[in-house]
Amino acid sequence: MSLSSALSIAQSALMNTARQTSVVSRNIADASNPDYTRRISVITSTAPGARFVDVQRAANDLLFRQNLGALSAYSGQNALYSGMDQLDVSVNGVDNASSPSTAIANLQQALQLYATSPSNQNLGSSVIDAAKQVVRSLNEGSKAIQDFRTQTDGQIDTAVKDLNSLLGQFEDANQAVMSGTRSGTDVSDALDQRDALLKKISNYVPISTFTRGDNDMVITTGDGTTLFETIPRTVSFTPAAGYAAGAAGNTVYIDNVPISAGTGGNTTASGTLAGLLQLRDGVASTMQSQLDETARGLIIAFAETAPSMPNAAGLFTWSGAPAVPAAGTLVNGLAGTIGINAAMDPTVGGNPTLLRDGGANGVAYVANTTGGASYSNLLIAYGDRLDNPMTFDSAAGISATSSVSDYAANSIGWLQSVRQQASTAADAKEALAQRSADALSNATGVNIDQEMSLMLDLEHTYQASARMMKTVDDMMTALLSAVG
C-alpha cells in the first residue's frame, strides 16, 4: 500500500467518524423526544477506504400504523368516558344526591307520612315541598343536559378547527418531504414532523395512509373518505347556539361525507370527534328522554280522576295541562317544563288539602266528598301508583314497563352501566395505546445505552485513524529526510 493510499484511508476514516459521531450526538440530544426517530448512518466500503453514504431513519411502518389505530380508539373512548363523568355529576349530583330518583324516594316518604296523619296540614305542606324538589331535579337535570350538549357542540367545533389546522400543517410537511426526496437531500426531520402530525390527526379521526412516488403521502379515514391528497380536504361543522330537548345536533363532514357517531359503552367511536358526537346525540339525548319519561310518569301517577270525566293533571302539571300526556309516548322536553299545580302550592295561595281530598280541577274531581279530616284513600292511591307498573316509551333506552320510582332508579342504573363499560374499555384501550407506543419506541426510538456504547466505539475508531495519520506523517517525514 502506498503512503498516499494510506493517507487517503486515514482521512476518509476521520471524516466518516466525525459524521457518525454527529448522528449519534443528535440521537442522544433527541432521546426524550417522542416524535424523534433514531438515525442510522450507513457506511459503504470503497477502495481505498470507505465513504459516508446516507442517514436513514429506523422506521417501522407496521408498528406505526398499529399505534395510530390504538391512539384513535383510545381518544374516542376517553372522550366518551370523560364526558359521561361530567354529565353524571351535572344531572344526578355527587352520589346521586340531586337525582330525580332520590327526590322521588323522598316524595314517597313524605306522602306516606301524610297518609298516616291526613289531618296534619304541615305534613301536607311537606309533601308539596318534596314534590317541588322532584320538579327542581327534573327541571335542572333537563337544563344541565342541554347545556352539556351545547358545551359538547363547542368542543366539536374546536376539534374540527384543530383538525383543519393540522391538515394544513401536514400539507407543508408533506411538501418538504417531497421536495427533499426529489433533490436527494436528507428528509429525516421532515419525515419526523409528518409522522408527528399523523399522530395528532389520529386523535381526532381514525386514519389510514399510503405513500406514492417522491414520498408523497395520502391520508384516508377509517371508512375510506379522503382526508388528504395533495391538498387537505375540508372538515366542516356548524355549531348550534343552543339545544332544546329532542333537537338533533349538526353533523361533522369530511369532504362532504358525514362522520358517524359511536355506539355502546365500549364505543365503536374511533377518534375524539366520533366520541363527542356520541355524547351529544347518543348518551345525553337518551338521558333527556329518560327524564322526560319520568316526568310523564309522575304527571300520570298524580293525575286526578273522576267518573265520566277525563283524567286531569293533579299535583304535577305541564304545558298541556289540564290534559294528561298520552300513555307510553315520549314528550320531548317534558322534564324541563313540569311544575307544581298552583292550586296545591301554599306559597302561591294554593291549598295542600286538595292533594288529600282531590278537586284541583273542579268539584267533579273531589274524592273526599264528606270532607273528613282523616280521609287518606287518595293519598294511599297516589303512593300505590308510584309503585305500580306503567308503560314507558322504549325509545328512552330502558325497560318499557316499570313503576315510576323504579324507572327513575333504572335511569341511574343505565347510566352507571354504560359508564362502567366505558371506564373498563378506556383502561384497556389506554393500555393498548401505551403498549403500541412502547413497541414503536423500542423499534425506532433512541436507546441511550446503545448510543453511548456506539459513541465509545467511534472514539476508538477516531483514535485508530489518528494513529494511522501519525504513522503516515512519520513515514513521510522519514522519506523526505532520506531524500534530502
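These are my notebook entries on helix packing, the nonpolar core and some loop residues in a predicted model.

**Entry 1: α3 against α10**

I began with helix α3, residues 100-116, and helix α10, residues 404-444, whose axes lie 8 Å apart and make an angle of about 155°. Angles over 145 degrees count as roughly antiparallel, and α3 and α10 are therefore roughly antiparallel to each other. I also looked up the handedness, and α3 passes α10 in a left-handed crossing. On the α3 side I noted Pro100, Ser101, Ile104 and Gln108, which meet Val404, Ser405, Ala408, Ala409 and Ile412 of α10. When I sorted the residues of this contact of α3 with α10 by class, I had six nonpolar, three polar and no charged.

**Entry 2: α4 against α5**

Next I took helix α4, residues 121-183, with helix α5, residues 188-202; they pack at an angle of about 160°, and their axes are 9 Å apart. That angle makes α4 roughly antiparallel to α5. The crossing of α4 past α5 is left-handed. From α4 the contact takes in Leu163, Leu166, Leu167, Gln169, Phe170, Ala173, Asn174, Ala176 and Val177, and from α5 it takes in Ala190, Leu191, Gln193, Arg194, Leu197, Leu198, Lys200 and Ile201. I wrote down the classes for the contact of α4 with α5 as twelve nonpolar, three polar and two charged residues.

**Entry 3: α2 against α5**

I then asked which residues of α5 meet α2. Helix α2 spans residues 61-92, and its axis comes within 8 Å of that of α5, the two crossing at roughly 30°. Angles under 35 degrees count as roughly parallel, and α2 and α5 are therefore roughly parallel to each other. Asp195, Leu198, Lys199 and Ser202 are the α5 residues in this contact, and α2 brings Phe64, Asn67, Leu68, Leu71 and Ser72 to it. The residues of the contact of α2 with α5 divide into four nonpolar, three polar and two charged. I noted that Leu198 of α5 is listed in the contact with α4 and also in the contact with α2.

**Entry 4: the largest nonpolar core**

In soluble globular proteins, nonpolar side chains tend to be buried together. With that in mind I looked up the largest nonpolar core here, which has 88 residues, and in which Ile201, Phe302, Phe316 and Leu355 touch the most other members. Helix α4 gives the most to this core, with 18 residues. I followed Leu355 further and, leaving aside residues up to four places away in sequence, found that Leu355 touches Leu111, Val127, Ile128, Phe302, Leu315, Met344, Leu378, Leu379 and Tyr382. Ile201 also appears among the α5 residues that meet α4.

**Entry 5: backbone details in loops**

I checked where a cis peptide bond occurs, and one joins Ala321 and Pro322, with omega at about 10°. Pro322 lies in the loop between β12 (316-317) and α7 (334-337).

Two residues other than glycine caught my attention for a positive phi: Asn256, with phi near 70°, and Ser308, with phi near 60°. Asn256 is found in the loop between β8 (253-254) and β9 (257-258), and Ser308 is found in the loop between β10 (304-306) and β11 (309-312). Are these residues buried or exposed? The cut-off for exposed is over 50% relative accessible area; Asn256 has 67% and is therefore exposed, and Ser308, with 81%, is exposed too.

**Entry 6: Thr211 and Val363**

I placed Thr211 in strand β3, residues 207-211. With a relative accessible area of 43%, Thr211 is partly exposed. Not counting residues up to four places away in sequence, Thr211 touches Asp216 and Met217. I also looked up the separation of Thr211 from Pro310, which is 99 residues away along the chain, and their C-alpha atoms are separated by 72 Å.

For Val363, I recorded a place in the loop between α8 (353-357) and α9 (377-387). Val363 counts as exposed, at 77% relative accessibility. Val363 and Ala306 are 57 residues apart in sequence, and I noted 9.6 Å between them in space, C-alpha to C-alpha.

Definitions and conventions
Residues are numbered from 1 along each chain as its sequence is written. This is a predicted model: local features need pLDDT of at least 70, side-chain atom pairs count only at pLDDT 80 or more; totals for chains, interfaces and linings use all residues. Side-chain values use heavy atoms; hydrogens and water are left out. Axes are lines fitted to C-alpha atoms, for helices over the stretch in contact, and angles run from 0 to 180 degrees between N-to-C directions. Helices (H or I, at least four residues) and strands (E, at least two) are DSSP runs, numbered from the N terminus. Angles under 35 degrees count as roughly parallel, over 145 as roughly antiparallel, 65 to 115 as roughly perpendicular and the rest as oblique. A crossing is left-handed if the near helix is turned anticlockwise from the far one by less than a right angle, and right-handed if clockwise. Contact means heavy atoms within 4.5 Å. Ala, Val, Leu, Ile, Met, Phe, Trp, Tyr, Cys and Pro count as nonpolar, Asp, Glu, Lys and Arg as charged, and the others, Gly among them, as polar. A nonpolar core is a set of buried Ala, Val, Leu, Ile, Met, Phe, Trp, Tyr and Cys residues joined through side-chain atoms within 4.5 Å. Buried means under 20% relative accessible area, exposed over 50%, partly exposed in between (1.4 Å probe, protein chains only).
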